[in-house]
Amino acid sequence: MIIDLKDLKPAERQNYLQHAIAPRPICFASTIDKQGNVNLSPFSFFNLFSSEPPIVIFSPARRLRDNTTKHTLENVLEVPEVAINIADYDMVQQLSLTSCEFAKGTNEFVKAGFTAEPATLIAPPMVKESKVKLECKVLEVKTLGTQGGAGNLVIAEVLRMHIADSILGEDNRIDQRKLQLVARLGGNWYCKVDESNLFEVEKPHVQLAIGVDALPENIRTSKVLTGNDLGRLANVHDTPLVDPAFQDDRLKNIVQYFSLDPEEMEKEVHTYAKELLNKGLVKEAWQVLSGY
Ligand SMILES: Cc1cc2nc3c(=O)[nH]c(=O)nc-3n(C[C@H](O)[C@H](O)[C@H](O)COP(=O)(O)O)c2cc1C
């Protein structure tokens, strides 16, 4: 299916985009108006855009239903400060509650049962329960349109971070496994980041990787090796040479057993290499693939 966004109704457009551009981190924004009324609301149109200077952007959009603006937007235009609380699994149900359209002036900290903790550099309070809090100064608000659904980019500089000791590793850095982030997808879908779904991808080589186009043709066109397998093999600086010291019984057995059937032999060798790649043993996989 191919769709042109201009042919869709605004709600349909939002639906396709939010399911595809996901998961999105959640900025749980605490803001304040000139009278000192506090507001707390979640925004998943949010991300980090620069680390020097440290800039985050989130977007309170005009309501699709009636084209009204959100209290958060009105507040940052009055008092250009925001405490961004990072959402984790322990707080997701209460967080969702704060997205109700409470009347202006309603304190969602109270409504959702969160504890307001004074910030140190800005007026809006932080969410005590949140494990990472960012004290931010709003630099600019960029309005993207006047129709319902139009975003308003709140561009903010992070001045200070508060990080719970409980999510730090021994090196005083955030341990990704300890901060059980939640993120928003399409419709009512959320996801939770924990050890069962975290995985690491080795950064491409500091020196240039050889690339998939430089892999031998039989590897590149393998019926067994997947795109991920080829990506791993291609992330080496030089095509590894056959190491005469590499001895492997399983490879020997494959070569002996399938000596009369080269096609089947290649399939078996590739299956073995794939298993090694899945264990992160790229060097060994290369030796298996080049050693028969
Ligand atoms: C997880 C989550 C993410 C949301 N993300 C956004 C968003 O990025 N932009 C937006 O305009 N509304 C978003 N909403 C809806 C707002 O939170 C909701 O309209 C809220 O009532 C706005 O509150 P306010 O008027 O007090 O600022 C989100 C809601 C939830 C539950």
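Me: Which residue in β9 is the bridge partner of Val82?

Reply: That partner is Cys136. Before we go on, please keep in mind that this is a predicted model, in which local features need pLDDT of at least 70, side-chain atom pairs count only at pLDDT 80 or more, and totals for chains, interfaces and linings use all residues. Residues are numbered from 1 along each chain as its sequence is written.

Me: What makes β6 and β9 a pair of strands?

Reply: Strands are DSSP runs of E with at least two residues, and helices are runs of H or I with at least four, both numbered from the N terminus. Two strands pair if DSSP finds at least two bridges between them. Five bridges join β6 (residues 81–86) to β9 (residues 132–143), so the pair passes that test. The two strands run antiparallel.

Me: How many bridges join β9 to β10?

Reply: There are 11, again between antiparallel strands, with β10 covering residues 152–163. One of the matched positions is Lys133, whose bridge partner in β10 is His162.

Me: Why do β1 and β12 count as edges of their sheet?

Reply: The sheet is open and has three strands in the order β1-β11-β12, with antiparallel pairing. β1 (24–25) and β12 (190–192) each have a single partner strand, so one side of each is left without a neighbour in the sheet. β11 (residues 182–184) pairs with β12 over three bridges, and Val182 stands opposite Lys192 there.

Me: Why is Asn67 called exposed?

Reply: A residue is exposed if 12 or fewer other C-beta atoms, placed from the backbone, lie within 10 Å of its own, buried if there are 20 or more, and partly exposed in between. Asn67 has 12 such neighbours, so Asn67 falls in the exposed class. Asn67 is in the loop between β5 and α2, and has a positive phi of about 60° although it is not a glycine.

Me: What makes Asn172 exposed as well?

Reply: With 8 other C-beta atoms within 10 Å, Asn172 meets the cut-off and is exposed. Asn172 sits in the loop between β10 and β11, and its phi is also positive, near 65°.

Me: Which residues of α9 are buried, and what do they pack against?

Reply: In α9 (residues 282–290), Glu284, Ala285, Trp286, Gln287, Val288 and Leu289 are buried. They pack against α5 (217–220), α6 (227–234), α7 (249–257) and α8 (262–278), where a contact means C-beta atoms, placed from the backbone, within 7 Å.

Me: Which residues come nearest to the ligand?

Reply: Ser41, Phe45, Lys70, His71 and Thr72 come nearest, out of 17 around the ligand. A residue is near if its C-beta atom, placed from the backbone, lies within 6 Å. β3 (38–43) and α2 (71–78) each supply at least two residues of the shell, and the largest share, four residues, comes from β3.

Me: How do the shell residues divide by type?

Reply: Six are nonpolar, eight polar and three charged. Here Ala, Val, Leu, Ile, Met, Phe, Trp, Tyr, Cys and Pro count as nonpolar, Asp, Glu, Lys and Arg as charged, and the others, Gly among them, as polar.

Me: Where are the cis peptide bonds at Pro23 and Pro53?

Reply: Pro23 is in the loop between α1 (10–20) and β1, and its cis bond to Ala22 has omega of about -5°. Pro53 lies in the loop between β4 (46–51) and β5 (54–58), and its cis bond to Glu52 has omega of about 5°.

Conventions
Contact = placed C-beta atoms within 7 Å.
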